[in-house]
Structure formats: C-alpha cells, structure tokens
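Biologist: Before we discuss particular residues, I should like each descriptive term to be justified. May I ask for the reasoning behind the labels?

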Amino acid sequence: MKRFNSIIFDVDSTLSGVEGIDWLAALRGPEVEAWSATLTVQAMEGIIPIDAVYGERMHVVKPTRAEIEQLGKIYVDRIATGARETLATFREHDIELVMVSGGLREAILPLAKELGVDPQQVHAVSVFFDKNGEYKGFDDQSVFTRQNGKRTAVNEMVLKAPVLAVGDGMTDSEIKPVVHSFAAFTGFMRREPVVERADYVIENFAQLRQLVLE
C-alpha cells in the first residue's frame with residue numbers, strides 16, 4: 001500500500017547535508033562564506049526572495065569546473081542517512097522520483113546517480129565554463145532562480161498522482177499548491193516558517209518511508 005505515486009525531492013539539506021552555494025562560497029574565504037550563509041538562511045526562511053540573491057552570489061563565487069566536480073563528491077559523501085535505501089525501496093514500488101533544486105545541476109548529477117534517480121528527472125540550474133574550466137556564467141533564465149520557480153516547474157510536470165513534495169526551505173513549501181501534500185524535512189535544518197506550512201514533518205528517511213508506504 002502506498003500513499004503517493006510520485007515524490008519530488010529538494011536536494012540541499014534534504015537529500016544531502018550540504019548547502020552547495022555556501023560550500024562554494026567558503027572556498028572564497030570566511031567573509032564570503034558568512035555573507036552567503038546569511039543570505040541562505042534569509043532566503044530559505046522566506047525573509048528575502050531567492051530572486052534577489054541568486055545572481056549576486058554566483059557573480060561573487062564564480063565556481064570553476066573543478067570546484068563543481070569537487071562539490072559533486074561532497075553531495076555524495078553527505079547523503080542523508082537512509083536515503084539510498086529509502087529511494088531504492090520507492091523504486092521497487094514503482095514510485096516516480098524527481099529532484100528539483102535551486103542548486104547547480106552539474107554538481108547534483110553525481111548524487112542523482114548514487115540515488116538511482118534518472119538524470120532526466122533532475123531539475124536544477126545549469127552552470128557554464130570556458131574551455132579552460134573557468135566560470136562562464138549560469139542559466140539566469142532558469143525558473144529555479146526565482147522564488148516560485150519550483151512551483152512553476154512542478155506545475156508543468158506530468159507526474160503520477162498523488163504527488164508528495166519533500167524539502168526544507170520556503171521555495172519547497174511554495175510547491176504545495178500544485179501537489180497533493182508537502183512534507184517539511186527537518187533532518188538537517190528545521191525552519192519554523194516552512195514547518196508551519198507543511199502537511200507532514202519528517203526528521204529522517206525512515207519516517208518518510210513509513211509515511212509513503214504504510
């Protein structure tokens with residue numbers, strides 16, 4: 001018995017215990033790290049819209065290809081406890097798995113591979129490099145650089161109903177009107193404004209498995 005046929009996952013601080021942009025910012029020194037982390041908290045709690053900070057942070061951080069590849073390994077190293085097993089179980093039950101993130105797609109793809117999520121089901125922001133691997137820009141037209149971007153993207157997806165969205169941030173809770181249920185994931189970070197909007201609150205992937213399958 002399964003309650004949901006499709007599950008949409010946030011990535012940073014949900015499937016993996018890292019905020020990708022903050023990790024990259026830390027490579028630029030403690031001042032940039034602190035500046036970026038403050039913006040992350042404000043954006044994830046809905047104090048400021050993500051639109052207001054996305055481009056500014058990327059302009060400052062300017063990640064190289066090598067740094068993105070390194071971040072990809074960090075995402076895998078910090079996979080949430082039980083996530084591998086839980087997603088494998090969901091696949092066995094023919095549950096459609098989708099990853100939706102405001103993070104950088106090229107860094108997230110190794111995590112998707114580790115978790116058995118089809119690359120075509122990984123929706124995030126692409127980053128570009130020149131022939132030497134230096135930063136050349138990002139997809140500033142991506143809906144995921146905007147506050148309601150996840151909701152816009154999910155609304156256009158054709159997923160098997162009922163659909164559950166899982167995430168820790170305000171942009172994840174914005175998906176709620178276009179899915180059947182939203183679960184706030186608090187395993188890495190508990191954000192009260194997000195919890196207040198949630199239909200369910202889950203602390204770990206064992207609880208998620210129980211919610212979906214029992």
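Modeller: Certainly. This is a predicted model, and the values I quote are computed from it. Let us begin with S101, which has a relative accessibility of 3%.

Biologist: Why is S101 called buried?

Modeller: A residue counts as buried when its relative accessible area is under 20%. S101 has 3% relative accessibility, and therefore it counts as buried. S101 belongs to strand β2, which covers residues 96-104.

Biologist: What is in contact with S101, leaving aside neighbours within four places in sequence?

Modeller: With those neighbours left aside, S101 is in contact with V11, D12, I108, H123, A124, V125, F144 and K150.

Biologist: What makes the pair S101 and G103 a polar contact?

Modeller: The cut-off for a pair of N or O atoms is 3.5 Å. A polar atom of the S101 side chain lies 2.7 Å from the backbone nitrogen of G103, so the distance is within the cut-off.

Biologist: Let us turn to the chain as a whole. How do you know that the chain is as compact as a globular protein of its length?

Modeller: The chain contains 10 helices and eight strands. Its radius of gyration is 16 Å, and the globule rule gives 17 Å for 214 residues; the two values are close, so the chain is as compact as a globular protein of that length. The C-alpha trace spans about 50 × 35 × 30 Å along its principal axes. Of the 214 residues, 53% count as buried.

Biologist: Which share of the contacts joins residues 24 or more positions apart?

Modeller: Such pairs account for 62% of the contacts with a separation of 6 or more.

Biologist: How far apart are the mean positions of the positive and negative charges?

Modeller: The chain has 23 positive and 32 negative charges, and their mean positions are 3 Å apart. As for the surface, the chain exposes about 9800 Å², of which carbon and sulfur atoms supply 48%.

Biologist: Why is A88 called partly exposed?

Modeller: Partly exposed is the class between the limits of 20% and 50%. The relative accessible area of A88 is 23%, so A88 is partly exposed. A88 lies in helix α5, residues 83-92. Between A88 and F205 the C-alpha distance is 12 Å, although they are 117 residues apart in sequence.

Biologist: Which residues of helix α10 are buried, and what do they pack against?

Modeller: In α10, residues 205-213, the buried residues are F205, L208, L211, V212 and L213. They pack against α5, together with β1, β6, β7 and β8.

Biologist: What makes N204 a cap of α10?

Modeller: A side-chain oxygen of N204 lies 3.2 Å from the backbone nitrogen of A206, at the N-terminal end of α10. The polar-contact cut-off is 3.5 Å, so this distance is within it.

Biologist: What makes the backbone at S13, K62 and P162 worth remark?

Modeller: Most residues other than glycine have a negative phi, and most peptide bonds are trans. S13 has a phi near 65°, a positive value in a residue other than glycine. K62, which is not a glycine either, has a positive phi of about 45°. The peptide bond from A161 to P162 is cis, with omega near -5°. P162 is found in the loop between α7 and β6.

Biologist: Are S13 and K62 buried or partly exposed?

Modeller: S13 has a relative accessible area of 6%, under the limit of 20%, and is therefore buried. K62 has 40%, which falls between 20% and 50%, so K62 is partly exposed. S13 is placed in the loop between β1 and α1, and K62 in the loop between α3 and α4.

Biologist: Why does V117 count as buried?

Modeller: The relative accessibility of V117 is 4%, under 20%, and V117 therefore counts as buried. V117 lies in the loop between α6 and β3. Not counting residues up to four places away in sequence, V117 touches L87, L97, M99, A112 and V122.

Biologist: How do you know that S173 is buried?

Modeller: The relative accessible area of S173 is 3%, again under 20%, so S173 is buried. S173 is in helix α8. Apart from neighbours within four places in sequence, S173 is in contact with F182, V194 and R197.

Methods
Residues numbered from 1 in each chain as written. Predicted model: local features only at pLDDT ≥ 70, side-chain atom pairs only at ≥ 80, totals over all residues. Heavy atoms only, no water. Helix = DSSP H or I, 4+ residues; strand = E, 2+ residues; numbered from the N terminus. Buried < 20%, exposed > 50% of the residue type's maximum accessible area, 1.4 Å probe, protein only. Polar contact = N/O pair within 3.5 Å; in protein donor to acceptor, adjacent residues only side chain to side chain. Contact = heavy atoms within 4.5 Å. Rg over C-alpha atoms; globule rule 2.2 N^0.38 Å. Areas by Shrake-Rupley, 256 points an atom, 1.4 Å probe, with all protein chains shown as cover. Lys, Arg positive; Asp, Glu negative; His and termini not counted. Charge placed at Lys NZ, Arg CZ, Asp CG, Glu CD.
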